[in-house]
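Visitor: Hi, could you walk me through this one?
Guide: Happy to, let's look together.
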Amino acid sequence: MSKLRILYVASEINPFLQTSEVANFVRALPQAMQEKGMEIRILVPRFGLINERKNRLHEVVRLSGINISVGEEEKPLIIKVASIPNAKLQVYFIDNEDYFQRKSVFFDKQNKFYEDNDERAIFFCKGVLETVKKLGWAPDVVHCNDWMTSLIPLYLKTTYKNEPLFKETKSVYAIYNNGFSHKFGDDLFDKIKMVDIDDQLLAPLKSKDYEGFVKLGMEYADVVVKGEDISESLAAIIQQSSKEKQFEIKSDEQDELFESYYNIYTDLAG
């Protein structure tokens, strides 16, 4: 049997960047799955807080040079790569001068939410899928972590479903307590849309806010995973998703936690 291929997508990963528990989770789980015989790829944004020299990031010229459309605009995609110290894992970084050079993540120094965080998420999600295409690597499962990755399950079920690389790909969407109160503008749908994506498909995102992104991710993912420390309001939203999709992973034992994910991936891949 060939190795299962798991693609991890998140907004952060240790040791390059940590703003929440996501960074530790995305550092530990891929290595555990690799040790269980799975083939792993990891993609994150190259936020400006990440020190390229210290972390030894370098551009992958053969993967860079694609233009990614965000609404009417096209932005150049730059791909960088670095190795995780003391692990046989590489991390690919999605970069773009307009979106990821600033020295903070989602909020500026005055703690104001960036107005273009929607565009940054769209660019990132499309950039991930285009990078995987360029790698020529067909993932069995894409494990999407947190709101910034919410569009990937949608794109996999629509625009990319006829791509040979993604024909059999399933998605896992993991939800965390990393919400925000910002509401995006009325042009959000127009920025997200692709040829075969209309307003009806984007209906779960009608609130144009954090909860909308969570609902969209849940709608199109094959499995929805919630952690133990989800807020009551988030738990209520998750309850609205298909019961067959929901997984609640509770374990103080790391080995049991990893085994749960291993089983989810193998079940999904059939």
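Guide: Helix 7 passes helix 8 in a right-handed crossing, meaning that the near helix is turned clockwise from the far one by less than a right angle. This is a predicted model, where local features need pLDDT of at least 70, side-chain atom pairs count only at pLDDT 80 or more, and totals for chains, interfaces and linings use all residues. Residues are numbered from 1 along each chain as its sequence is written, and side-chain values use heavy atoms, leaving out hydrogens and water.
Visitor: Which residues make the contact of helix 7 and helix 8?
Guide: Helix 7 brings Y210, E211, V214, K215 and M218, while helix 8 brings L234, I237 and I238; contact here is heavy atoms within 4.5 Å.
Visitor: How do they divide into nonpolar, polar and charged?
Guide: Six are nonpolar, two are charged and none is polar.
Visitor: And at what angle do the axes cross?
Guide: Roughly 35°, with the axes of helix 7 (residues 210-220) and helix 8 (residues 232-239) coming within 10 Å.
Visitor: New topic: how many disulfides are there?
Guide: Zero in the whole structure, taking a disulfide as a pair of cysteine sulfur atoms within 2.5 Å.
Visitor: What about C125, which cysteine sulfur is nearest?
Guide: That of C144, 7.2 Å away.
Visitor: Is C125 buried or exposed?
Guide: C125 is buried, at 0% relative accessible area (buried is under 20%, exposed over 50%, partly exposed in between, with a 1.4 Å probe and protein chains only). C144 is buried as well, at 0% relative accessibility.

Methods: Axes fitted to C-alpha atoms, helices over the stretch in contact; angles between N-to-C directions. Helix = DSSP H or I, 4+ residues; strand = E, 2+ residues; numbered from the N terminus. Nonpolar A, V, L, I, M, F, W, Y, C, P; charged D, E, K, R; others polar.
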